[in-house]
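Here is a friendly note to read alongside the model, written as numbered points. Please keep the sequence and the 3D view open as you go.

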Amino acid sequence: MRGSPAPLRASAALTMAACSVGLLTRLSLRVQRSQVQRPLRRLLSCPGTVAADLSREEQSSGSAETGSEDRTPKKRFSEVQNERREQAQRTVLIHCPNKINEKKFLKFLSQHGPINRHFFYESFGLYAVVEFCQKESVTSLQNVTRTPSLGPEAAIPFKSRYLNLKLRNSLNQTSELSSIQCSNQSPPSSKKLYQLLCCAESVDDQLNTLLREFQLTEENARLRYLTCSLIEDVAAAYFPDCAVRPFGSSVNSFGKLGCDLDMFLDLDEIGNFTAQKTSGNFLMEFQVKNVPSERVATQKILSVIGECLDQFGPGCVGVQRILNARCPLIRFSHQASGFQCDLTTNNRIALKSSELLYMYGALDSRVRALVFSVRCWARAHSLTSSIPGAWITNFSLTMMVIFFLQRRSPPILPTLDYLKTLAELLLKEFFEYFGNFAFNKNSINIRQGREQNKPESSPLHIQNPFETSLNISKNVSQSQLQKFVDLARESAWILHQEGKDRPSPSSNQPWGLAALLLPSVANNMSLSKKKKKPASERIKNLLDSIKSSGAESSTATNGRRAISTQA
C-alpha cells in the first residue's frame, strides 16, 4: 500500500498458521515481524477460534503474502464480541429534544454514576447513546424513570433501556439550549464519493478512500450492539439466560454504513447449565414441553418473540414473522437506531463464518479495501440489491474476492514501487480472474482454496466453508451471473486503458475506480462502435491478448510475475 514500510519475510511458523485455515493461501506471507507476527499468531492459534478448529481438521500447503497492516487486531473475535456485549449492557438509548444543553444533560445523568462514553446521532429525531461505567447506574436511572401518561390511551409498562427525555419549564431554558454535534451514521452520497475518488492521487488512494468512507464507525458499531442488547431484554422475559448476538456484516469487519443488522437468539447458554456436574445420587431437570423437531421449536420460539416485539417492543415496527423459510426469522425495523433487523435463533454457523471473515480482513489491509471496492462496483451496476432475489449477494462477492486472493499466482514481490501499485493490480486481476473463470463447470471452495467440479447445476456455486453441502449462491440466476462476467471483463479492459489508472491534469473525467462506478460504463467504451462480435466475446479476446503480452513482459523482467486466471 502507499507509504508502506518494506516488508520482511515472516517465520515459517506464521506461514503454516495462515495456511492451516486457507487464509490467502496463494500469496506468499511477508509481514513486519514487530507489528504483525505476535497478534496474528494469537489471532490464528487460540483454542476455541475458527482457526484452531479448522487447523485440527486439515493442513494445507502453499504460501501467503500480506501487505501493510492498518488495523492489526490485538484481540480475538470472541474477546471483541464479549467486550462489546458487556459495554452494551451498561448503555442506555435516550430520545432527546432537538436542542439540548449537553453539559447539563450529562451532569443530570452523572447523578446515577460516572459516564464512560456518549455520542449523539439523528434518526427520526435526536438520540443519545450513553455508556455508564457500571451496570448499577443503569438500574439507578431506570428507578427514577416514570411511565408516561398518554391521556385517553394506555401505555404498556415495559421497563427498557430505551428512554425518553423531556424538559421541565422548557420556555425558561430556551437561552441555554444549543445544537448538538451528531455522529454520522450514513454512507456518503454518490456525488460526494465520485468527488473524493477523482481527487485521489492513485487507485491505491481511491480504494482506501472508499474503505474509509463506507466502513462502520466506532459509534455505529456500538449502536448495533446496543440494539441487540435491547432486543435481548425483550427475549429475556421468556428466556432469562439467553443472549442476542450480532453476526454477518455488523461484526466481520466488512460491514458498511447503512447495512442491515443480522442477529440471532443464542439459547446455548441455557443448555450449558444442564451439563454442569452435580454431586450425590440425584439429578434435577427442568420440566419442558416437547415438540417434534428442532425446526418446530425454532418456529415456536420466534413466533412468540416476534409477537412480543410487535406488541411490547419500544421502537420495533413493521414486524414480520417469516417462519417457513429455510432459516426461520423475524424481520423488523428498529426505528430509534434506523436499522433493518433480521432475528434468527441458534445460528452459530453464521457466527463462525463471521469470525472467519474477520480473520481474513485482519491478515491484510488490502483484503477489506478490495472487498469494499468490488461491492461498490457491483452495486453501481445493479449486480447486487437490498431486495432478495436472483442477484449475487455481498456475501457471495466477498467469498469470490477471498477465493481470488487464495488462487492468485505468482507470489507478490515486496519492492516498494510494486507495493505502491499493488492495490490497482489486485483490482485489475480480480476482474480478469472472474471474467475468465469457468463458472459452467467449476465451483468455488475457500476452505481448501481451490476450484472443484460443480456438484449441482446452479449457475454459480460457492461452497459454504462450514456446511460444505450448501451452496451460498444458489439463488443467483444464469442471467445475473452472465451480467457479472460481462461487467468484470469490461472493467478489466477499462483499467488496462492508458490514462485510466491515474488522474489527468488536463481532464476532469472520472478515472480508476470512479470510472468503473459510472452506470454508462459499457456505453462509453470505444470498442462499442462498429462491433461485429458480442461485447463480452470481444473483450474476452482482448483480455486474452493483454494477458499474453503482459505475461511475457512480466516474465522477462521479474521472472515469476506471470498472471494466471486459470480459466
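1. In which helix is leucine 425 found? Leucine 425 belongs to helix H16, residues 422-435; helices here are DSSP runs of H or I with at least four residues, strands are runs of E with at least two, and both are numbered from the N terminus. Leucine 425 counts as buried because its relative accessibility is 17%, where buried means under 20% relative accessible area, exposed over 50% and partly exposed in between, with a 1.4 Å probe and protein chains only. Leucine 495 is 70 residues away from leucine 425 in sequence, while their C-alpha atoms are 9.3 Å apart in space.

2. A word on what you are looking at. This is a predicted model, in which local features need pLDDT of at least 70 and side-chain atom pairs count only at pLDDT 80 or more, while totals for chains, interfaces and linings use all residues. Residues are numbered from 1 along each chain as its sequence is written, and side-chain values use heavy atoms, with hydrogens and water left out.

3. How far can the model be trusted? The average pLDDT of the chain is 78, and 71% of the residues score at least 70; pLDDT is the predictor's confidence in each residue, from 0 to 100. Over residues 1-72 the pLDDT is below 50, and this stretch has 180 contacts in the model beyond near neighbours in sequence, a contact being heavy atoms within 4.5 Å. Residues 552-567 also stay under 50, with 27 contacts beyond four places in sequence. Where pLDDT is low, the predicted coordinates should not be read in detail. Among the elements of the chain, helix H1 (residues 12-19) has the lowest mean pLDDT, 32, and strand E1 (residues 91-96) has the highest, 97.

4. Now the overall picture. The chain holds 19 helices and 11 strands. Of its 567 residues, 50% count as buried. Among contacts between residues at least 6 apart in sequence, 70% join residues at least 24 apart.

5. A good place to look next is the open sheet of 4 strands, which has the order E2-E3-E1-E4 and mixed pairing. E2 and strand E4 (162-164) are at the edges with a single partner strand each, so one side of each has no neighbour in the sheet. Neighbouring strands of this sheet are turned by 25° against each other on average, direction ignored.

6. Which strands pair over 7 bridges in the antiparallel sense? They are E2 (residues 115-122) and E3 (residues 126-132); two strands pair if DSSP finds at least two bridges between them. Arginine 117 stands opposite glutamate 131 in E3, and glutamate 122 has leucine 126 of E3 as its bridge partner. The hairpin of E2 and E3 has 3 residues between the strands, and in it phenylalanine 124 takes a positive phi near 55°.

7. Helix H9 (residues 218-235) lies across E1, E2, E3 and E4, running at about 95° to E2; axes are lines fitted to C-alpha atoms, for helices over the stretch in contact, and angles run from 0 to 180 degrees between N-to-C directions. The 18 residues of H9 should span 26 Å at 1.5 Å a residue, and its end C-alpha atoms are indeed 26 Å apart; the expected span is 1.5 Å times one less than the number of residues. H9 is mostly covered, with 15 of its 18 residues buried.

8. For a second helix, try H12 (residues 348-363), whose 16 residues reach 23 Å from first C-alpha to last, close to the 22 Å expected at 1.5 Å a residue. H12 is mostly covered too, as 13 of its 16 residues are buried.

9. At what angle do helix H7 (residues 190-198) and helix H8 (residues 203-214) pack? The angle is about 145°, and their axes are 9 Å apart. The contact involves Lys192, Leu193, Leu196, Leu197 and Cys198 of H7 together with Gln206, Thr209, Leu210, Glu213 and Phe214 of H8.

10. Finally, is threonine 384 buried or exposed? Threonine 384 is buried, because its relative accessible area is 7%. This residue lies in the loop between helix H13 (365-380) and helix H14 (394-407). Leaving aside neighbours within four places in sequence, threonine 384 is in contact with residues including Ala378, Trp391 and Leu397.
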